[in-house]
Amino acid sequence: MLGTRFEYACQLVHHGGVGGDWLERLTETMNTAMLVVTTAAQGQRAGCLVGFSTQASIHPPRLLVGISRANHTFGVASRSDHLAVHVLSHRDSALAELFGGETEDEIDKFDRCAWHTGAAGMPILDDALAWMVGAALDRFDMGDHVGYLLQPVDAWSAAGDDEPIRFADVRGMDPGHHA
């Protein structure tokens, strides 16, 4: 078994570097939770499904999320001081499809779901398993994404043990924007 894994790894490494195929395989193995990020600025709301997120600090608490430069949400987020981050459960797969498979360039996603205005004027999805509104402390280049370092200002979590939607659950989804 070790030989098989080693041989596979050797096939993915080429010319002294690691190719995109290897990173894609690693990402699949990690199977991270998919989140919906919403925001608002200058009277405009936006939201998208994101797969790049992680806790960035314990004390003080910080969360890092990445938003694609190609996504409509990117433009609104760049004008906002806050983002709302939502965890969805499997029963909320229609929300994941709405925010991951559609674009605000064509539809108003918020007309198609239940939401309310939360802290800092952020749109909060009513059916989320958990959510957090965070102040954007910093933004930085992550290649085709921009990273937002968030400080929590408000949060909520449902009671229960529902499993979040993960990467493997949305892998076949066609994104609402070009990658």
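Trainee: What makes 40% of the 179 residues of the protein chain count as buried?

Mentor: This is a predicted model, and the cut-off is under 20% relative accessible area. Of the 179 residues, 40% count as buried, so those residues fall under that 20% limit.

Trainee: What does the accessible surface of the protein chain come to, and how much belongs to carbon and sulfur atoms?

Mentor: About 10,000 Å², with 52% belonging to carbon and sulfur atoms.

Trainee: Okay, on to the fold. How many helices and strands are there?

Mentor: The chain has 5 helices and 11 strands. Of the strands, 7 form an open sheet, ordered β4-β3-β7-β10-β11-β6-β5, with antiparallel pairing.

Trainee: Why are β4 and β5 said to stand at the edges?

Mentor: β4 (44–50) and β5 (53–57) each have a single partner strand, so one side of each has no neighbour in the sheet. From one strand to the next, the twist averages 35 degrees.

Trainee: How do you know that β3 and β4 pair?

Mentor: Pairing takes at least two bridges. Strand β3 (residues 35–41) is joined to β4 by 7 bridges, so the pair meets that requirement. The two strands run antiparallel, and one of the bridges has Ala-40 partnered with Arg-45 in β4.

Trainee: Which helix lies across β3 and β4?

Mentor: That's α4 (residues 93–101), running at about 110 degrees to β4.

Trainee: What share of the contacts with a separation of 6 or more comes from residues 24 or more positions apart?

Mentor: They account for 66% of those contacts in the protein chain, a contact being heavy atoms within 4.5 Å.

Conventions: Residues numbered from 1 in each chain as written. Predicted model: local features only at pLDDT ≥ 70, side-chain atom pairs only at ≥ 80, totals over all residues. Heavy atoms only, no water. Helix = DSSP H or I, 4+ residues; strand = E, 2+ residues; numbered from the N terminus. Axes fitted to C-alpha atoms, helices over the stretch in contact; angles between N-to-C directions. Buried < 20%, exposed > 50% of the residue type's maximum accessible area, 1.4 Å probe, protein only. Areas by Shrake-Rupley, 256 points an atom, 1.4 Å probe, with all protein chains shown as cover.
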